[in-house]
Every structure is written in C-alpha cells, then in structure tokens.
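Visitor: I am new to this structure and would like a close look at a single part. Please take me through its salt bridges, and then show me the setting they belong to.

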Amino acid sequence: MRSILDNIQEAVYRTDTDGRIIWASPSCERLWGYAPGAVIGTFLAGYYVAPGERARFLEALERGGGTITNYEALMRPAAGGTAWVSTNAHYYRDAQGAHIGRPVPFG
C-alpha cells in the first residue's frame with residue numbers, strides 16, 4: 001500500500017476534523033510544488049483561492065453524506081498563480097463509524 005501511495009499520479013492527503021493536513025503523498029511536491037513535510041500541520045483552507053471555498057466544499061461533502069466526486073475549485077500551487085482542481089473525497093471514519101478526518105486528492 002505504501003508503494004502505491006508513494007507513486008500515485010494524483011496528489012493525496014488527509015486532514016483532521018479541523019482541516020489541518022496530517023499526511024500528504026510525495027506526489028504533492030511533484031504536482032503542486034509542496035513538499036509533504038512542509039504542508040503537514042497547515043490548514044487546507046489556505047490553499048484555496050476564493051475565501052470561503054473550503055467551507056463550501058465541506059457543505060457539499062456533508063450534503064453528499066460524507067462523499068463527494070468531481071468538486072472543482074481554484075487552488076494555489078507553490079510556484080504561484082492558480083490551478084483548477086477536481087477533488088474526490090470522503091470522510092475518514094474509525095472502526096465505530098465516527099468521522100475522524102477527510103482524506104482528499106489534491107488534483
């Protein structure tokens with residue numbers, strides 16, 4: 001599994017319930033210019049271009065019962081500028097089904 005995540009073409013990361021990035025795949029650096037270690041502990045909301053976009057994303061995720069497909073938003077790559085991202089996401093749940101985070105591809 002680790003080899004798959006280390007070599008996946010899409011950027012994959014996981015946030016906690018506060019929206020703080022707690023894990024990021026190596027592809028985040030290749031695709032977006034952000035080294036995984038540099039984004040750990042940062043808030044995902046800061047990478048969206050439009051203020052409030054993260055809140056709109058979370059509302060759509062909630063309406064979808066904890067799953068969303070092809071959510072499009074403008075994000076900020078490390079090199080500057082903007083890029084459209086299509087996100088597929090779902091709530092990460094513990095063995096009892098409690099929501100404990102959100103793993104989401106980052107482009």
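## A close look at the salt bridges

Guide: Let's begin with Arg56 and Glu53, whose side chains meet in a salt bridge, with 3.2 Å from N to O. Please keep in mind as we go that this is a predicted model. Both residues belong to helix α4, which covers residues 53-63, and because Arg56 and Glu53 are three residues apart there, about one helical turn separates them. The two partners can also be described by their exposure to the surroundings. Glu53 counts as buried, with a relative accessibility of 12%, whereas Arg56 has a relative accessible area of 39% and is partly exposed. As a general point, side chains of opposite charge can pair when their charged atoms come close.

How many salt bridges does a search of the whole structure find? The search gives three. To meet the others, let's move to a hairpin. Its strands are β1, residues 12-15, and β2, residues 21-24, and they pair in the antiparallel sense over three bridges. If you would like a landmark on this pairing, pick out Tyr13, whose bridge partner in β2 is Ala24. Five residues lie between the two strands of the hairpin, and one residue to look for is Gly19, which takes a positive phi near 90°.

Asp16 is found in this loop between β1 and β2. Asp16 forms a salt bridge with Arg20, and their closest N and O atoms are 3.2 Å apart. Arg20 also forms a salt bridge with Asp18, where the closest N and O atoms are 3.9 Å apart. Taken together, Asp16, Asp18 and Arg20 are linked in a network of salt bridges.

Which of these residues are buried, and which are exposed? Asp16 is buried, with a relative accessible area of 16%. Asp18 counts as exposed, at 54% relative accessibility. Arg20 is partly exposed, at 29%. Asp16 has another link to Asp18 as well: the side chain of Asp16 reaches the backbone nitrogen of Asp18 at 2.9 Å.

Now let's step back to the setting. The protein chain has four helices and six strands. Along the sequence, they follow the pattern α-β-β-α-α-α-β-β-β-β. Of the 107 residues in the chain, 35% count as buried. The accessible surface of the chain comes to about 5900 Å², and carbon and sulfur atoms account for 55% of that surface. Among contacts between residues at least 6 apart in sequence, 38% join residues at least 24 apart.

Two of the elements we have visited come back when we turn to the interior. The largest nonpolar core has 21 residues, and those with the most contacts inside it are Leu44, Tyr47, Phe57, Ile68 and Met75. Among the elements that give two or more residues to this core are β2, from the hairpin, and α4, the helix where we began. The others are α2 (27-32), β3 (67-75) and β4 (83-90). The biggest share comes from β3, which gives the most to this core, with four residues. In soluble globular proteins, nonpolar side chains tend to be buried together.

Key
Residues are numbered from 1 along each chain as its sequence is written. This is a predicted model: local features need pLDDT of at least 70, side-chain atom pairs count only at pLDDT 80 or more; totals for chains, interfaces and linings use all residues. Side-chain values use heavy atoms; hydrogens and water are left out. Buried means under 20% relative accessible area, exposed over 50%, partly exposed in between (1.4 Å probe, protein chains only). Contact means heavy atoms within 4.5 Å. Accessible areas come from the Shrake-Rupley method with a 1.4 Å probe; for residues, only the protein chains shown count as cover. Two strands pair if DSSP finds at least two bridges between them. A salt bridge is a side-chain nitrogen of Lys or Arg within 4 Å of a carboxyl oxygen of Asp or Glu. A polar contact is a pair of N or O atoms within 3.5 Å; within protein, one must be able to donate a hydrogen and the other to accept it, and residues adjacent in sequence count only if both atoms are side-chain atoms. A nonpolar core is a set of buried Ala, Val, Leu, Ile, Met, Phe, Trp, Tyr and Cys residues joined through side-chain atoms within 4.5 Å.
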